[in-house]
Amino acid sequence: KLMNDVSQPNYFPVYKQDDWKYEEDPSPLKLDYLAVALYFSIAVFLLEFYLDSRQLRNFRTILKVPTSLKGVVPQDKFQQSSAYGADKLAFGCFEGTFMFCEGVALVLLGWLPYAWDLAQSLCLRCGLVTDASTSLWREVMITFVFTLLLSMHDTLLSLPFSLYSTFVVEQKHGFNKTTYSLYFQDKAMGLGLQLLFGFPILGAIVWLIRLGGPHFYVYVWFFLMVVSVIMMMIYPTMIAPLFNQYIKLEEGPLYVAIEKLAKQVSFPLTEIYSVDGSRRSAHSNAYFYGFFKSKRIVLFDTLIKQVKRPELLAILGHEIGHWKLGHTIQGFLISQVYTFSLFLCFSLVQNTPALFSAFGFSVSATEPTPVCIGLVLFIQTTWTPVDKILTLCVNINSRANEFAADNYAKELGMGADLATGLIKISIENLGNLVPDSLYSLYHFSHPPLVERLAAINDDFDSSGAVSAESKKKK
């Protein structure tokens with residue numbers, strides 16, 4: 001029902017569930033959770049808009065190759081990079097502003113309680129729940145339909161922006177290789193995978209929280225850890241091939257050179273694949289996957305074409321450096337600590353009546369509050385500030401790891417080839433060559449090209465020439 005009695009302490013959200021009543025926060029802070037969520041969202045939006053404007057100014061005002069990249073990056077490629085960066089960022093600002101305004105409007109209008117009530121109504125009409133259904137079954141079914149409604153809303157809302165980004169911005173700068181049919185095929189398969197994997201996982205989380213008692217966060221964390229390990233095992237072999245074709249690299253000079261590198265550093269390489277990344281985009285990449293003594297390297301066909309063999313080996317040396325230095329395990333452990341901390345903190349506020357009341361949900365003395373709703377509201381209010389800080393810390397750590405992996409490749413005698421390879425990849429992918437310091441600090445998980453080249457400066461100088469010392473090593 002619509003809220004008509006403005007004498008209530010909260011005018012918003014407009015839509016409130018039946019039997020809604022105002023619940024005051026019992027803590028000394030007397031928080032209005034809706035106001036906290038809105039104010040923090042506005043603060044983050046303004047901060048990110050400011051950072052975007054700083055970076056956009058760099059793209060549009062720095063017209064010549066910076067001194068640190070002279071002789072390394074051609075002027076025409078530099079201009080193309082800035083034009084691509086400006087177009088991409090300007091459109092991102094427009095999309096971000098629209099999404100922010102739409103998100104605030106939905107919160108104030110009461111989209112979440114409305115969607116939950118709609119999901120409950122659909123479940124009753126379709127016979128998914130009946131009067132004989134248990135409370136747990138009822139909640140799981142409504143959660144499925146509720147999540148589907150949110151997913152459909154987000155997909156339809158983001159679709160025009162995604163289409164424009166792919167078929168206008170990326171197309172304009174020569175990166176898009178996909179077709180409309182392939183694009184929508186990918187979208188359909190993504191939705192299918194969400195239904196296949198996402199809903200059962202969500203149902204299991206609801207079940208564990210409902211039946212796990214006060215320490216449910218331990219069971220949820222362990223369950224999600226097992227799921228993440230299983231997904232890491234099946235994604236490269238069962239899911240990724242649905243979108244791209246993976247072909248074993250033919251035995252030849254490149255294959256032999258990669259095997260030689262793997263043996264040199266005791267990397268347990270079992271297979272090498274080439275993937276048709278050019279089917280969708282001209283961007284390039286390389287990665288490895290696998291557990292314990294079974295590792296597989298995947299090379300994008302675009303990367304093989306963009307760099308020479310020594311440069312490709314140096315890039316792989318960098319990737320192997322992440323494994324050798326324990327960055328892969330580190331990343332996994334960080335994600336597990338993050339997940340555990342999230343659900344531990346959620347356990348402290350999940351039954352806070354003031355949190356649900358602030359967003360238009362009624363609180364019953366006999367029925368437990370919905371797990372999915374509690375988790376969404378917790379993330380929107382209490383957890384979001386924590387998440388922003390943690391993401392910044394993770395990005396700082398990630399940049400340190402990139403420098404360390406660069407240094408590992410450098411110690412293998414590949415510093416000069418790594419430098420030229422990074423330059424070629426940055427040029428071919430029209431990477432950001434004029435990063436704003438605050439923008440990169442906030443957003444980048446990888447150091448800017450100039451900083452990475454400076455860290456490899458004894459093997460590579462600003463003129464693009466290999467140093468005499470490096471030649472002697474070779």
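Where is Asp19 found? I start there because a small detail of the backbone makes a convenient way in, and the answer is that Asp19 is found in the segment before α1. Asp19 is not a glycine, and yet Asp19 has a positive phi, of about 65°. The segment before α1 also holds Pro13, and the peptide bond that runs from Phe12 to Pro13 is cis, with an omega near 0°.

Before going further, I should say that what we are looking at is a predicted model. Its mean pLDDT is 89, and 94% of the residues reach 70 or more. Two stretches call for caution: over residues 1-8 the pLDDT is below 50, although this stretch has 14 contacts in the model beyond its near neighbours in sequence, and over residues 459-474 the pLDDT is again below 50, with 29 contacts beyond near neighbours in sequence.

Let me turn to the sheet. In what order do the four strands of the open sheet lie? The order is β1-β2-β4-β3, and the pairing is mixed. The edge strands, each of which pairs on one side only, are β1, residues 246-248, and β3, residues 286-289. From one strand to the next, the twist averages 30°. As general background, the strands of a sheet pair through backbone hydrogen bonds, and they do so in either a parallel or an antiparallel sense.

If we look at one pair in detail, β3 and β4, the latter being residues 295-300, pair in the antiparallel sense over four bridges. Among the bridge partners, Phe288 is matched with Ile297 in β4, while Tyr287 is matched with Val298 in β4. These two strands, β3 and β4, form a hairpin with five residues between them, and in the turn Gly290 has a positive phi of about 125°.

The last topic is empty space, which can be revealed by rolling a probe the size of a water molecule over the atoms. I will take the second largest pocket, which holds about 930 Å³ of space. Of the 29 residues that line this pocket, the closest to its centre are Ser41, Met99, Gly103, Val104 and Gln380. Which helix gives the largest share of the lining of the second largest pocket? That helix is α2, with eight residues, and the elements that each supply at least two residues are α1 (33-61), α2 (75-109), α3 (111-126), α4 (135-172) and α12 (371-428). By class, the lining of this pocket has 18 nonpolar, seven polar and four charged residues.

As for enclosed space, the structure holds one cavity of 30 Å³ or more, and the largest cavity has a volume of about 50 Å³. Ten residues line the largest cavity, and the closest to its centre are Tyr22, Glu23, Leu31, Ala354 and Ala358. How does the lining of the largest cavity divide by class? The lining of the largest cavity has five nonpolar residues, one polar residue and four charged residues.

To close where I began, the segment before α1 is worth finding on the screen, with Asp19 and Pro13 both placed in it.

How values were computed. Residues numbered from 1 in each chain as written. Predicted model: local features only at pLDDT ≥ 70, side-chain atom pairs only at ≥ 80, totals over all residues. Heavy atoms only, no water. 1 Å grid on protein atoms, 1.4 Å probe; cavity = no way out; pocket = protein on both sides within 12 Å on 5 of 7 lines; lining within 4 Å. Points joined across faces, edges and corners; volume = space filled by probe spheres on them. Nonpolar A, V, L, I, M, F, W, Y, C, P; charged D, E, K, R; others polar. pLDDT = per-residue confidence, 0-100. Contact = heavy atoms within 4.5 Å. Pairing = 2+ DSSP bridges. Axes fitted to C-alpha atoms, helices over the stretch in contact; angles between N-to-C directions.
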